[in-house]
Amino acid sequence: MNEKKTTIIETAIHLFAEKGYFSTSIQEIASEAGISKGAFYLHFESKDKLLIDIYRYYYEKMSTLLDRIEQKKLTPRRAFQTQIEFLFAEVSKHKEFIIMHFQEQVLPISHEVRQFVYEKKLEHYNWQKRSLLSIYGQEAERYIPDLILLFEGLSHSLFKLLLLTKHPLSPKKAATYLLRRLDNLAEGLVAGGEEPFVSEQSLQQLDWPCSGSAKEQVKQTLSAIRKRLPALHISEEKKQEVLDALSVLQAELDKKEPKKIIFQGMLATMATVKELRELCNCAANLLDIH
């Protein structure tokens, strides 16, 4: 993203938080950003498109910073706690903007937006899965979906507490509290030996952006991979490899009885690209491929 576009986005975030989305005009955003209204339209065709890019910018920025923490030489527990602290700090930093979003219900509901939000949730799910498995080990592996479900409920309640009340909640305090509760839950689940309450497939499909059969959902997942590919910083050879795999999978999907072994091989090939791994995992789960 170029510097001018970033300036417009950050200016808009500030104005939307201060005045509200509907009360802020494109002219005000342009003036505050130090550009003409015409220059605004060189970067964004409408205020709705700007808002979508704001969410893309925000989520990508968050993902990058979470990845940096994960790559540091920290214990799994310390890394996860630091990431949770960062998330709470970011929510607190953009508190007014987030409240504005929920009050005004401004995010345009289109297939593009639903697909984007689903991809981000899928990335978030896989981050939680990696982290919890690293912390609690193989003995808790079958309970990871349960732990994620419970962690999501607890963290969302704390986010609401932070956003909607004056309760003193520091990022460090929130992260420490959440991890201690996860310790209690993990210990109880493993010691109790009961059957897991929820499956990984159920959790990943919880927020799927469209209806339809598993085959239709896989088609849309492959379409999302194809759309994401041009923007990835990988070699042209690797891009062509992914395109070839997509073509094979599309042809296989059109058959009356698609062969799982072909999907397993092609998805494994595409999953070597880190940015595509979550989408590949989603397609695999839809087809019950391990």
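**Helix packing and selected residues in the predicted model**

Ser31 has its place in helix 2, where helices (DSSP runs of H or I, at least four residues) are numbered from the N terminus. The structure is a predicted model, in which local features need pLDDT of at least 70, side-chain atom pairs count only at pLDDT 80 or more, and totals for chains, interfaces and linings use all residues. Residues are numbered from 1 along each chain as its sequence is written, and side-chain values use heavy atoms, with hydrogens and water left out.

Ser31 is partly exposed, its relative accessible area being 47%; the term covers values between buried (under 20% relative accessible area) and exposed (over 50%), with a 1.4 Å probe and protein chains only. Between the C-alpha atoms of Ser31 and Ile8 the separation is 9.9 Å, although these positions lie 23 residues apart in the count along the chain.

Two threonines offer a good way into this part of the model. Thr11 belongs to helix 1, which spans residues 3–19. With a relative accessible area of 11%, Thr11 is buried. The side chain of Thr11 reaches the backbone oxygen of Thr7 at 2.7 Å, a polar contact (a pair of N or O atoms within 3.5 Å, where, within protein, one must be able to donate a hydrogen and the other to accept it, and residues adjacent in sequence count only if both atoms are side-chain atoms). Once residues up to four places away in sequence are set aside, Thr11 touches Ile29, Glu32 and Ala33, contact being defined as heavy atoms within 4.5 Å.

Thr24 sits in the loop between helix 1 and helix 2 (26–33). This threonine is buried too, at a relative accessible area of 1%. For Thr24, the side chain reaches the backbone oxygen of Gly20, at 2.7 Å. Residues touched by Thr24, again not counting those up to four places away in sequence, are Leu15, Phe16, Lys19, Ile29 and Lys47.

How do the helices meet one another? The axes of helix 1 and helix 4 come within 10 Å and cross at roughly 100°, where axes are lines fitted to C-alpha atoms, for helices over the stretch in contact, and angles run from 0 to 180 degrees between N-to-C directions. Helix 1 is therefore roughly perpendicular to helix 4, a label for angles of 65 to 115 degrees. Helix 1 contributes Lys5, Thr6, Ile8, Ile9, Glu10, Ala12, Ile13 and Phe16 to the contact, and helix 4 contributes Lys47, Leu50, Leu51, Asp53, Ile54 and Tyr57. By class, the contact of helix 1 with helix 4 holds nine nonpolar, one polar and four charged residues; here Ala, Val, Leu, Ile, Met, Phe, Trp, Tyr, Cys and Pro count as nonpolar, Asp, Glu, Lys and Arg as charged, and the others, Gly among them, as polar.

Helix 4 (residues 47–71) also packs with helix 5, at an angle of about 155° and with the axes 9 Å apart. Helix 4 is thus roughly antiparallel to helix 5, as angles over 145 degrees are called. Tyr58, Met62, Leu65, Leu66, Ile69 and Glu70 of helix 4 meet Ala79, Thr82, Gln83, Phe86, Leu87, Glu90 and Val91 of helix 5. These residues divide into nine nonpolar, two polar and two charged.

Gln83, in helix 5, deserves a second look. Gln83 is buried, with a relative accessible area of 1%. Leaving aside neighbours within four places in sequence, Gln83 is in contact with Leu66, Ile69, Glu70, Trp127 and Ser131. Gln83 and Ala175 are 92 residues apart in sequence, with 8.6 Å from C-alpha to C-alpha.

Helix 5 (residues 76–93) packs as well with helix 8 (residues 144–164), at about 35° and with axes 10 Å apart. On the helix 5 side the contact is made by Phe80, Ile84, Leu87, Phe88, Val91 and Ser92, and on the helix 8 side by Phe151, Ser155, Leu158, Phe159, Leu162 and Leu163. This contact of helix 5 with helix 8 has 10 nonpolar, two polar and no charged residues.

Further along the chain, Gln138 lies in the loop between helix 7 (111–136) and helix 8. Gln138 is exposed, with a relative accessible area of 58%. Helix 14 (residues 277–286) has eight of its 10 residues buried, so this helix is largely enclosed by the rest of the structure. Among the buried residues of helix 14 are Glu278, Cys280, Cys282 and Asn285. Just after helix 14, Asp288 takes a positive phi of about 55°.

Terms used:
Helix = DSSP H or I, 4+ residues; strand = E, 2+ residues; numbered from the N terminus. Parallel < 35°, antiparallel > 145°, perpendicular 65-115°, else oblique.
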